[in-house]
Amino acid sequence: MKQIIAIQGAEGSNHHKVARDFYGKTQIIECMSFDTLVDNLLNEKATIGIMALENTIAGSIIPNYALIDNHNLQIIGEQYLNIHHHLMALPNQKIEDIKEVCSHPMALLQCKEFFKKYPKIKLIEDVDTAEVAKRIAQNNLKGVAAIAPKIAAEIFNLNIIEDSIQTIKENATRFVILETKKRNHQNNSDNTIKNSNKASLKFQLDHKRGSLATILNVLSDCKMNLTKIQSLPVIEAPWKYSFFVDVTFDEYQHYEKAIAIIEIMAENLKILGAYKNGRK
């Protein structure tokens, strides 16, 4: 079956770059929100979803953990992408020609120091970085620039006026590749799962001293490397929390042992996915 990939944002966005890196050139569905992305998966309009989950500057995108959990989505892969913001405009435009720069508020914020050198340029918030690049190309907008990924300049034939204008140069985002549970069961084989070396888990614990520490000791004893832990409140149970953890491992049998023990010790254990570690 042909892959149809739902991405958050427009063609030329960082989500689109991850789709290309992971699957090559393929059909995409542009989604202006993560909720719409999930809807396209659940309605089977898309076979795969790509969702940002955490960023080295902004931290975890907490609502996305809830989306994955509440809709029983499965993580089948991940990719880490270094985020670079490029200033782009129509061909033959120079920085001196630019009167307005439009982009997503976060991109504008992350490039604030650069624009202190150009106080005459007006900064305008917009809905999506790549969408602005597309609009400049389609409407032949002179004197207007976008802050967007390099892939947008390639797709829309724009000129990159300045490379990597973000203030903090080391900025990376972790993206996860998602399927519905139904599709995951149809496509997955035991060999695929057993070739994995990373897993995402969710569980709940009694609110008593040492309960989380005990689980962490189990992971350590089973030779699991904890790479992420995130807590979310259980809405229907005040002062109770779900824990989302990511672990890496060298041998699958160690992972199986850890799961067997946690299943006894924790409540509502859910395996959100077992997949290949995206960090080389």
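Here is a short chat about two domains and one glutamine in a predicted model.

Biologist: Happy to start with the ground rules; what applies here?

Modeller: Residues are numbered from 1 along each chain as its sequence is written, and side-chain values use heavy atoms, with hydrogens and water left out. As the model is predicted, local features need pLDDT of at least 70 and side-chain atom pairs count only at pLDDT 80 or more, while totals for chains, interfaces and linings use all residues.

Biologist: How much area do domain 1 and domain 2 bury between them?

Modeller: The bounds, from an automatic or database domain assignment, give domain 1 as 1-83 + 171-187 and domain 2 as 86-162. Contact (heavy atoms within 4.5 Å) takes 12 residues from domain 1 and 10 residues from domain 2. Buried area is the accessible area (1.4 Å probe) that two parts lose on being put together, summed over both. Here 61% of it is on carbon and sulfur atoms, and the total is about 920 Å².

Biologist: Is Gln 166 buried or exposed?

Modeller: Buried means under 20% relative accessible area, exposed over 50%, partly exposed in between (1.4 Å probe, protein chains only). Gln 166 has 2% relative accessibility, so this residue counts as buried.

Biologist: Lovely! Which side chain does Gln 166 join in a polar contact of 3.2 Å?

Modeller: Leaving out residues up to four places away in sequence, Gln 166 touches Ile 83, His 84, His 85, Gln 110 and Cys 111. A polar contact is a pair of N or O atoms within 3.5 Å; within protein, one must be able to donate a hydrogen and the other to accept it, and residues adjacent in sequence count only if both atoms are side-chain atoms. At 3.2 Å, the partner of the Gln 166 side chain is that of His 84.
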